[in-house]
Amino acid sequence: MTTVAMFDTKRYDRDHLGESLLAAGIDVKFREFRLNAETVETVTEGTDVVCVFVNDKVDRAVIEHLASKGVRMIALRCAGFNGVDLAAAAEHGLLVARVPAYSPYAVAEHAVTLAMALNRRIPQANRRVRDMNFTLDGLVGFDMHGKTVGLIGTGKIGKIAGQIFKGFGTRVIMWDPYPDLAWAQEAGLEYVTLSEIGREADIVSLHVPLFPETHHIINDLVLAALKPGVILINVSRGALVDTVALIEALKTGQVGGVGLDVYEEEEGKFFEDLSGEIMDDDVLARLLTFPNVIVTAHQAFLTKEALDEIARVTTENIQAFGRGEQPEPSRIVTA
Ligand code: NAD
């Protein structure tokens, strides 16, 4: 029987992936803490697979310990693999598999949700009526119809976001280093330059991965070139945005609203209950003081459908490994 140590496990992981693995006859040990150099000592002989998520730190030292205990597979239950030292994994003969995509709809729909919640002042309205305050002053939004939405990145998620925004009757303009012109023509959406997005978009939504070239793609210079009062949405990766520069742009009103599902220093904060602790991150604390900022803690992926897909693909990956086979090529990650 294959034995899995599953790290950073939340209740929804146990309910979906945990159940799926157990139903497949795979033995699972649930660990609520993340895998890193300190916690790797909990991995003992007899463990075949470690199952990890976005914030586990599977570096060389961790991999050396895993290999010494006989672990032979790292099963990522997410798409991103930046937390795994792939070269070290290859050197020690550990197979690394992932879930390449779970629900691009979940993430795109969350981006649109954040934009609409900001536009129609939903958090403020909700707080007000719960205080039995039924006034409307300060809750004026705008029609989406006729506005311009700029998308930076038109991969799986950006494309769906484009189609949803188009449904509001907006003009959708897009930039991507590898534009899909055939799709754009079919969808009735147009590719433009980045500076055109800056000049014309009332809402800018980021859908590119984090690469050295996209790190702080939204910086002080770019923020100054955006349309005054623009709404910025980032459900992709925190470090696409220079948060300190964003705070300055919020203070001057250059940026009129921000919806973030990701934050460059989210590790160790997002997914955790810190409600009884002192917040030591002054940037995040300042960000949370703006009435026109909505932050969600990396929950864009969190739909039932996405969790089911993560469970299905991760279980298949581990089952293939258990049979001595390779998972599908698109799910294998190599250096
Ligand atoms: P994708 O790979 O399908 O698309 C990425 C797009 O970015 C592609 O069109 C590609 O041409 C473009 N791109 C590639 N290199 C680029 C570069 N150097 N500069 C600018 N653009 C570049 O990815 P996706 O599945 O659409 O995911 C988009 C983002 O969403 C990723 O950052 C991913 O990490 C993030 N994501 C977030 C969540 C969440 O829960 N918040 C969940 C899943 C994915």
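The questions and replies below concern a predicted model and look at its ligand and at one pair of helices.

Me: What makes the pair formed by aspartate 176 and the ligand a polar contact?
Reply: A polar side-chain atom of aspartate 176 lies 2.5 Å from an oxygen atom of the ligand, and because a polar contact requires N or O atoms within 3.5 Å, this pair counts as one.

Me: Which polar backbone atoms are paired with an oxygen atom of the ligand, and why are these pairs called polar contacts?
Reply: One belongs to glycine 155, at 3.2 Å from a ligand oxygen, and another belongs to isoleucine 157, at 2.9 Å from a ligand oxygen; both values are within 3.5 Å, so both pairs meet the definition. Of the 870 Å² that the ligand exposes when taken alone, the protein buries 82%.

Me: What surrounds the ligand, and how do the residues of this shell divide?
Reply: The ligand is surrounded by 22 residues, of which Lys156, Ile157, Asp176, Val208 and Val235 are the closest, and the shell divides into eleven nonpolar, six polar and five charged residues.

Me: How do you know that α1 and α12 meet, and which way do they cross?
Reply: Residues of α1, including Tyr12 and Leu17, meet residues of α12, including Leu307 and Ile318, and because contact means heavy atoms within 4.5 Å, the two helices are in contact. Their axes come within 9 Å and cross at roughly 35°, in a right-handed crossing. The residues of this contact comprise seven nonpolar, four polar and two charged.

Conventions:
Residues numbered from 1 in each chain as written. Predicted model: local features only at pLDDT ≥ 70, side-chain atom pairs only at ≥ 80, totals over all residues. Heavy atoms only, no water. Near = heavy atom within 4 Å. Polar contact = N/O pair within 3.5 Å; in protein donor to acceptor, adjacent residues only side chain to side chain. Areas by Shrake-Rupley, 256 points an atom, 1.4 Å probe, with all protein chains shown as cover. Nonpolar A, V, L, I, M, F, W, Y, C, P; charged D, E, K, R; others polar. Axes fitted to C-alpha atoms, helices over the stretch in contact; angles between N-to-C directions. Helix = DSSP H or I, 4+ residues; strand = E, 2+ residues; numbered from the N terminus. Left-handed = near helix turned anticlockwise from the far one by under 90°.
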